[in-house]
Number of protein chains: 2
Amino acid sequence: MSELAAGVDLGGTKIQTVVLRGMDVVGSDRIETPQSGVDDVVAAIVTTIDGSLAQADAERGELAGVGIGSPGEIDAETGEVAESPNVPGFQKKVPLGPRVADALGTGVRVRLSNDVRVAMLGEHRRGAGRPYRDVLGVFVGTGVGGGLILDGALREGRGAAGEIGHTTVKPEGRMCSDGRRGHLEAYAGRGRMEVHARNLVEHGKDTILFDIARDRGKDRLSSGVFAKALKHGDEMAMSLVDGAVWALGIALASAQNLLDLEAIVIGGGLGDRLGRPFVDRIAEAMAPRLFVPGHAPAMLTTELGDLGGAVGAALLAAG
Amino acid sequence: MSELAAGVDLGGTKIQTVVLRGMDVVGSDRIETPQSGVDDVVAAIVTTIDGSLAQADAERGELAGVGIGSPGEIDAETGEVAESPNVPGFQKKVPLGPRVADALGTGVRVRLSNDVRVAMLGEHRRGAGRPYRDVLGVFVGTGVGGGLILDGALREGRGAAGEIGHTTVKPEGRMCSDGRRGHLEAYAGRGRMEVHARNLVEHGKDTILFDIARDRGKDRLSSGVFAKALKHGDEMAMSLVDGAVWALGIALASAQNLLDLEAIVIGGGLGDRLGRPFVDRIAEAMAPRLFVPGHAPAMLTTELGDLGGAVGAALLAAG
């Protein structure tokens, strides 16, 4: 019987956990991320691990390892997280790995990594990227993250590789989340698309985007809100998504010309929600910009969807 | 005593050859590339090998291997070159490796590779890139070529990796040599800078660029012509080089954000000629676009200059 490993995807709004036996998901659990500080987040992580284990008819003592994918700056050696602005309590340095290990109390090893990298690991080892040794994962969500597998291994560089979202697609273009201009993320990140939509509304443009959000009791334009507005033919939503496709076409074609990849996986909240038609449009936008048209990468949707991060974290723990 | 290897850099205007003993250049020779077809090019290559061997007090029979770096499409297995528009006779497929091996007549093995890749190999193994495992070489010449060393090995992808020159820096911008718009090469490649200069002159702008070329008996704006015009404060030359620096800043910062490299080497005809001040200006242009400013790559000039291709070809043969 293969070993059990738990994987935790710690996000600003939810904590998603799975338990893997070998390559099979045998349990999963998800709760909202407590907004009340580190102690409650640690307790919530343990709760989801216990919940996932219960589904698998297993106990804490059977876990061979626990992996956690987290936004922010990760110190893999010490298990510390810092600078994670979306998780309350994690702006300062938090020894998350040791805290979770203590709370579990079984001496199990807890490993930490960056949330985007574990999602890429999940898609590469157990998802859409399985057949390939050279794959770029592009996670189009609130921001645009990237994970790069080269020659079968996750490229870390000096710890900061993969930032495809900060590719310049239009010098002096739209403002990005990092305060610089013209990045891919400024056009394809849901967060910046929302900022741009608010600007357009202030300038008198019409859209049903904010009405849909209000009807759903949301104060943000979630991926689901965009999807619904598109379905209703909302012009602003269509134009914003056109811009995202255009920017992804430029940035991914340039990355392809440099790296000659076998495949690109498009995931993240917006990527998963808009799915195959969105990925096909990105491929079309890339095509005229490829230096060797015959070397277009396979363009893939994710297989694991929003479980990718948790599955990847469990694979990290399993080793 | 280390083995002898010959390396040949086959260009459209010149053939540069070296003989290495271990890592030392013990002989070199250079002649103009015959414009009269394949037979004469093969004979010229052999002449430069013999000339280099004579300097080294050695004979053909002592060569452990011969490497050739060539533009165009290379089949490393068969030693064939095709689609090399700048070398007369090489538009069709030419079995260059076997032809040179036959002409040498000693049964020596002849290996072929892409000219930019062997130049990168030279700078990485014996030049400025020695201390690093992750280096991008950017060869700013007639075009803009790139060679990528990741984890100490040349990245080939599926045979077409490294095309940094075809990074989009300005959508719908200046026309590139490949007929597409807004690529790095359209702003930083000497060939396209010259086309742009001619356009500006046709529109009534002043420059001494073409006067300098004429005085030198040249019909092209060589790197030396650009360097002299800059020294004289020619406004068009300064503005063209400003554009090259701007485009390099954008493309290299995006590559750095994706790959988190340790170093970038700037070479090629124009890069070598303009040297350290040019490289410093590129570093300055990159800085505000780096996602992690603390991870700026070391910015290097080449050490081997225009011998880099021949040295790299010899290392390919030896290795």
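**View 1. Helix 9 of chain B lies across three strands of a sheet in this predicted model**. Helix 9 (residues 268–286) of chain B lies across strand 8, strand 11 (263–267) and strand 12 of chain B, and runs at about 140° to strand 11 of chain B; axes here are lines fitted to C-alpha atoms, for helices over the stretch in contact, with angles from 0 to 180 degrees between N-to-C directions. Helices (H or I, at least four residues) and strands (E, at least two) are DSSP runs numbered from the N terminus. Residues are numbered from 1 along each chain as its sequence is written, while chains are lettered from A and ligands numbered from 1 in the order in which they are written. Because the model is predicted, local features need pLDDT of at least 70 and side-chain atom pairs count only at pLDDT 80 or more, whereas totals for chains, interfaces and linings use all residues.

**View 2. The sheet of chain B is open and has mixed pairing**. Its five strands follow the order 10-9-8-11-12, where two strands pair if DSSP finds at least two bridges between them. Strand 10 (153–154) and strand 12 (298–301) of chain B stand at the edges with a single partner strand each, so one side of each is left without a neighbour in the sheet. Strand 8 (residues 135–140) of chain B runs antiparallel to strand 9 (residues 144–150) of chain B and is joined to it by six bridges; in strand 9 of chain B, Ile149(B) is the bridge partner of Val135(B).

**View 3. Helix 8 of chain B packs against helix 9 of chain B**. The axes of helix 8 (residues 235–259) and helix 9 of chain B are 8 Å apart, at an angle of about 60°. That angle makes helix 8 of chain B oblique to helix 9 of chain B, given that angles under 35 degrees count as roughly parallel, over 145 as roughly antiparallel, 65 to 115 as roughly perpendicular and the rest as oblique. Among the residues that meet are Trp246(B) and Leu252(B) in helix 8 of chain B, and Ile282(B) and Met286(B) in helix 9 of chain B, contact being defined by C-beta atoms, placed from the backbone, within 7 Å. The residues of this contact between helix 8 and helix 9 of chain B divide into eight nonpolar, two polar and one charged (Ala, Val, Leu, Ile, Met, Phe, Trp, Tyr, Cys and Pro count as nonpolar, Asp, Glu, Lys and Arg as charged, and the others, Gly among them, as polar).

**View 4. Helix 5 of chain A crosses helix 8 of chain A**. The axes of helix 5 (residues 190–202) and helix 8 of chain A come within 11 Å and cross at roughly 140°, which makes helix 5 of chain A oblique to helix 8 of chain A. Met193(A), His196(A), Ala197(A) and Leu200(A) in helix 5 of chain A meet Met236(A), Leu240(A) and Ala244(A) in helix 8 of chain A. This contact of helix 5 with helix 8 of chain A has six nonpolar, one polar and no charged residues.

**View 5. Chain A and chain B are related by a two-fold axis**. A turn of 180° with a shift of 0.0 Å along the axis lays chain A on chain B with an RMSD of 0.1 Å, the copies being superposed by least squares on the C-alpha atoms of residues with pLDDT of at least 70 in both. That is the relation of a two-fold axis. Of the residues of chain A, Lys170(A) comes closest to the rotation axis, at 3.0 Å (C-alpha).

Definitions and conventions. Contact = placed C-beta atoms within 7 Å.
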